[in-house]
Amino acid sequence: MRFYDRPLAESEAFSALCRAVEKGRVPVGAAGLSHIHKAHLAALLQEKTDRRCLVITAEEGEAARFCEDLTAMGCRPLLFPARDLSLRAVDAASLQFEQQRLNVLCHLLEGEYTHVLCPLDALLPFTLPPDVLYRRSFTLKEGQTEDPDALCARLVECGYTRAAKVEGPGQFARRGGILDLFPADREEPVRVEFWDDTIDTLHAFDLLSQRRGDRLGELAVPPAREVL
């Protein structure tokens, strides 16, 4: 146990809070906590009850600080950002925050987290239901039989944009038996090389130099848009 957990864990108020959560006697409240004490309480409460926590904050800066504190305490928090809102038609818009949201949703689907930090304006908009997210996510593996034309059509259905050359997340480009794909949850694109209708190799590559990086045995491909 972290040395600073003991005083909190041994307090009767914290024990009562844990019992209430475990027995479903919610909502419950805890007042008079500073920012760091809220993070400490959330970390220990998750550990003692073995339940994942959703933390809703007033704004994104508070959520980001909360996330940093939980990470320092050894937790695996996820920050669910707000989506950019445009009230008029534009020729181009950044999908960065939408793709970050999709990345978090994929981690939620896989259970790879202890806490989700969510500012209020990120919580209110609609997003993909879990069943749609599951159906629109798929995996590519070396040696797998996959028709390149059908794969391109599937990527379009999942919100990816076809381009002459991949320049950012959410895009794909095909040149004969080579398919370049930039999944929304990765920091670098992936080159899929086909031998007829069989996936021969999967390699990460550098966006600027086009040089191959690590060879991947398989690749998880999530949707690229929240609205399909």
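**Exercise 1. Is Leu 124 buried or exposed, and where does Leu 124 lie?**

Solution. Leu 124 is exposed, because its relative accessible area is 65%. The cut-offs are under 20% for buried, over 50% for exposed, and partly exposed in between (1.4 Å probe, protein chains only). Next, the location: Leu 124 sits in the loop between H6 and helix H7 (130–135). Helices (H or I, at least four residues) and strands (E, at least two) are DSSP runs, numbered from the N terminus.

The model is predicted: local features need pLDDT of at least 70, side-chain atom pairs count only at pLDDT 80 or more, and totals for chains, interfaces and linings use all residues. Residues are numbered from 1 along each chain as its sequence is written, and side-chain values use heavy atoms, leaving out hydrogens and water.

**Exercise 2. Find which residues form a nonpolar patch with Leu 124 on the surface.**

Solution. Start with the partners: Leu 54, Ile 56, Leu 120 and Leu 123 join Leu 124. Together the five have about 490 Å² of accessible area. Areas come from the Shrake-Rupley method with a 1.4 Å probe; for residues, only the protein chains shown count as cover. Patch residues have over 30% relative accessible area and no salt bridge; nonpolar side chains (Val, Leu, Ile, Met, Phe, Trp, Tyr) are joined within 5 Å, like charges within 9 Å. A salt bridge is a side-chain nitrogen of Lys or Arg within 4 Å of a carboxyl oxygen of Asp or Glu. Now the elements: strand S1 (53–57) and helix H6 (120–123) each give two or more residues to the patch.

**Exercise 3. Locate the cis peptide bond between Val 26 and Pro 27.**

Solution. Check omega: from Val 26 to Pro 27 it is near 5°, and the bond is cis. Then place Pro 27: it falls in the loop between helix H2 (12–22) and helix H3 (35–49).

**Exercise 4. Describe Asp 196 and Gln 210 by phi, place and exposure.**

Solution. Take Asp 196. Its phi is positive, about 60°, although Asp 196 is not a glycine. Asp 196 lies in the loop between strand S8 (190–195) and strand S9 (198–205). Asp 196 is exposed, since its relative accessible area is 67%.

Now Gln 210. Its phi is also positive, near 65°, in a residue other than glycine. Gln 210 lies in the loop between S9 and strand S10 (212–215). Gln 210 is partly exposed, because its relative accessible area is 26%.

**Exercise 5. How many helices and strands does the chain have?**

Solution. The chain has eight helices and 11 strands. Buried residues make up 40% of its 228 residues.
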